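Open the model in your viewer and keep the selection panel at hand. The tour goes from stop to stop.

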Amino acid sequence: MGDLPTRARVVVVGGGVVGTSVAYHLTRLGWTDVLLLEQGTLSCGTTWHAAGLVGPLRASESGTRLVQYSAELYDALEAETGMATGYRNVGGVIVARTEDRMVQLRRTAANAVAYDLPCELVSPDRAQELWPPMRVDDLLGAIWLPGDGKVNPTDLTQSLAKGARQRGARIVERVRVTGFTSVAGTAGRRVTGVVTERGTVEAEVVVNCAGQWAKALGDLVGVTVPLHSAEHFYVVTEAVPGVHPDLPIMRDPDGWTYFKEETGGLVVGGFEPDAKPWRSPDDLPHPFEFQLLEEDWDHFSVLMDQALLRIPALEDTGVRKFYNGPESFTPDNQFLLGEAPGLRGFFVGAGFNSVGIASAGGAGRALAEWIVSGEPQDDLVAVDVRRFGAFHGDNDWLRARVSEVLGLHYALPWPNRELESGRPQRTSPLHSRLAAAGALFGTRMGWERPNVFAPRLDYSWDRPTWLPYSIEEQLATRTDVAVFDQTSFSKYVVAGPEALDRLQWVCAADVDVEVGTCVYTPFLSSRGTYEADLTVTRTGPESFLLVSSSATTVRDLDWLARHGVDATDVTDEYTVLGVMGPRSRALLSALSGDDWSEDGFAFATSREVTVAGVPLRATRMTYVGELGWELMVPGDHAGAVYDAVRAHGARDAGYWTIESLRLEKGFRAFGRELTPDVGPVEAGLVFATALGGEKDFLGRTALAAHRDRLAGGGPRRRLVSFVVESPEPMLWGGELLLRDGAPVGQVTSAAWGATVGSAVGLAYLRHDGPVTADWVSAGSVEVDLAGERHAVRCSLAAPLATPR
Ligand SMILES: Cc1cc2nc3c(=O)[nH]c(=O)nc-3n(C[C@H](O)[C@H](O)[C@H](O)COP(=O)(O)OP(=O)(O)OC[C@H]3O[C@@H](n4cnc5c(N)ncnc54)[C@H](O)[C@@H]3O)c2cc1C
């Protein structure tokens, strides 16, 4: 038990692999006044009993880079600290039992090419050479990942801690944090320190790396850390013939199992489809150090049966030890990182969904960079703690959700897959009508949203059975009129004497426009990259309505608050009906005495009208690229307006249809094409900023520098639209593009476009020189679709022009 200082610049709560990595990286960035507090001793929580697999290849490029860095760090750390981490780069084999799994592996291999990571498709026989103890007669193939490795989690934690200490960090064990102190400030509340059983410690920054305890700790200060523990299992067997320390890791996802060597035997672990949630986050025992949960052979038998099938030698091998430990899972199987909305200086690094060892290096570095620079330095949208709302913090809801989430780890990652548990959470006033009309719902930010109106939901790499229904919806939108329930749009009101000035600073486009004008604008970071993509309508001299993506409510409001913009969230108050298609004008004219003519209601204008007797705001704006209006209907009246629109022949349509329609028109989406890793130059959206004018705005300096650096040329990476030449292939996003046979980029979004008659999408192409229109059209570009190549036509322009 060391002395407890009364002050530190940063206090890290939790001495697991994540907390020690954050402390280590803070000191590497020069912030050495770091105090790490651990209620027990280092690694005593979940870290000590992890299996230690480190697999760099992830579903996204940013996720892959993060774990790749971890592996490099774990390999190099001993040279720096003198303490071995046990890291061994043994490689990994993933085997496939089914054709669907083979498609996934082939897609994975193409991803690896896109990320420049070694990966090889191999035959079952070659897989057996690489991993002799397994049976392969039922396998269709495998991939070999030479970059996979394994590490000793306890040694790693100690080595990170030593590295942090060497540069000045203090680590005090046996100190339990029981609360936090904070003060109200101009940009919201700010944390000022931690309360412990041994007194208070002042701090500018507090980092909650408390593992499964992070949820309850966050609750103490109103910070939602949505995670819940589930029991997670593996066994260690007696020695198995042919098993040696350099045996690769082997994963058999169709049997939900993984295997790795340990002291001559095998670790046999897995991710069963129906997981077993552990105790509620507000009911965790204390103390709980180096402890395991009870053996549950019944539950484990799902995995053990599959292991016996794959490795016949296990029939005659005893089990040395059964490990059952609690691990934190989150609602979407991604971890939780970043500064908490509503409490400045309070950061979270928790909820690692059983990949905390592999992720700790990269996640610790990313969090440290965020703390030191005040902004994330990479695209961390997928793991940003602000992707969840307070309602995601309900412990019963989390319990239901994590039962499903653990099993996703080895489930087939179907395109467009929707989670099923814990639904519905938020429904639009039209929900029962849409359900009766046959909507297949998905969720975003808790909202139930129609994806398509079809009899049956199925998932497939090829054409799903719902596609013909989406095609009809698409064609109705292009040739007639359709209605979309877009209630989940995030909506904020900004009003008051300072509204204009404040918005002019955070919006990259000029929003000092006439009342009734709607402006498409990004929020840019100081690095000139995307923080949000939205529309801003001036509804009065001092009032504005902001409409943004469904998923980004919390991060948008946080961004506004931290830049001094006082915004009110009105998302729940209005139902949004998108009435879209060439017949929308005639339809709305029939329901309303207002002027819907081209001159009377121009594109990008907005005003109060009456439709079906209901006063509402209509905005002529479209995300599907057709004549159309977004109607913002006070919730109570939504049914009446929807019924009237339907009675006049508008067809119901859903979000999967919107996806196809927007891609045919080349419209970008935040989180896919527009991320904190790219700016308007690469995204081809400089026209949607005020860079050509006088106005100063956040991100302008970086954006101007970016543009000037490219004067006379073009960016080295640029967003292009593409259409697949053949009408046969289905694309879903993530596919590899090759130009003249060489890897050149990855698809950010793709869907089947009914009007172009083939798969259509957007992708960033990279090149040593400028990516110009000529360069794009000169090459012969192909898409790799699970190993098959198909010709695509790329262009800086969208496949379909947009009529206004
Ligand atoms: C069976 C099993 C196998 C696994 N296998 C792998 C694998 O192969 N690869 C992989 O990448 N991951 C694996 N994991 C996951 C990995 O173990 C975790 O993701 C990781 O250890 C999480 O680290 P952490 O630092 O977030 O949490 P923890 O290790 O739990 O650390 C949190 C620390 O915070 C301390 N703390 C909590 N509250 C307070 C407080 N109020 N005051 C002070 N201190 C506090 C705790 O005592 C604890 O030490 C596995 C997990 C399990 C259960």
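In which loop is R174 found? Select the stretch between β8 (170-173) and β9; R174 is in that loop. This is a predicted model, so treat each stop as a computed picture.

**Stop 1: two positive phi values**

Stay on R174. Its phi is positive, about 60°, although R174 is not a glycine. Most residues other than glycine have a negative phi. R174 is partly exposed, because its relative accessible area is 37%.

Now select T263. It sits in the loop between β14 (257-262) and β15 (265-270). Phi of T263 is also positive, near 40°, and T263 is not a glycine. Is T263 buried or exposed? T263 counts as exposed, because its relative accessibility is 59% and the cut-off for exposed is over 50%.

**Stop 2: the strands around β10**

Select residues 177-185 and 188-196, which are β9 and β10. These strands run antiparallel and are joined by 8 bridges. They form a hairpin with 2 residues between them. To check the register, pick A184: its bridge partner in β10 is R189.

Add β11, residues 199-208. β10 and β11 pair in the antiparallel sense over 4 bridges. Here too there is a hairpin, through 2 residues. Which residue of β11 is the bridge partner of V194? That partner is V201.

Next add β19, residues 343-344. This strand runs parallel to β10, with 2 bridges between them. R189 stands opposite L343 in β19. R189 therefore has a bridge partner in A184 as well as L343 opposite it in β19, with strands pairing by DSSP bridges. In a regular strand the side chains alternate between the two faces of the sheet.

**Stop 3: the loop between β16 and α7**

Select the loop that separates β16 (276-277) from α7 (297-310); Q291 lies there. P287 is found in this loop as well. The peptide bond from H286 to P287 is cis, with omega near 0°.

Move on to Q291. Its relative accessible area is 35%, so Q291 is partly exposed. What does Q291 touch, leaving aside residues up to four places away in sequence? It touches W48 and H49. Q291 and W48 are 243 residues apart along the chain, yet their C-alpha atoms are separated by 9.4 Å.

**Stop 4: another cis bond**

Select R423 and P424. A cis peptide bond joins them, with omega about -5°. P424 has its place in the loop between α9 (395-408) and α10 (431-436). Most peptide bonds are trans.

**Stop 5: helix α15**

Select residues 638-647, helix α15. Colour its buried residues: A638, G639, V641, Y642, A644 and V645. An α-helix has 3.6 residues a turn, so residues three or four places apart point the same way. Just after α15, G649 takes a positive phi of about 95°.

**Stop 6: zoom out**

Show the whole protein chain. Its secondary structure comes to 19 helices and 39 strands. The C-alpha atoms fill a box of roughly 80 × 65 × 55 Å along the principal axes. The radius of gyration is 27 Å, which agrees with the value near 28 Å for a compact globule of 804 residues. Buried residues make up 60% of the chain. Among contacts between residues at least 6 apart in sequence, 73% join residues at least 24 apart.

Finish with the surface and charges. The accessible surface is about 28,600 Å², with 49% belonging to carbon and sulfur atoms. The mean positions of the 74 positive and 103 negative charges are 3 Å apart.

Conventions. Residues numbered from 1 in each chain as written. Predicted model: local features only at pLDDT ≥ 70, side-chain atom pairs only at ≥ 80, totals over all residues. Heavy atoms only, no water. Rg over C-alpha atoms; globule rule 2.2 N^0.38 Å. Buried < 20%, exposed > 50% of the residue type's maximum accessible area, 1.4 Å probe, protein only. Contact = heavy atoms within 4.5 Å. Areas by Shrake-Rupley, 256 points an atom, 1.4 Å probe, with all protein chains shown as cover. Lys, Arg positive; Asp, Glu negative; His and termini not counted. Charge placed at Lys NZ, Arg CZ, Asp CG, Glu CD.
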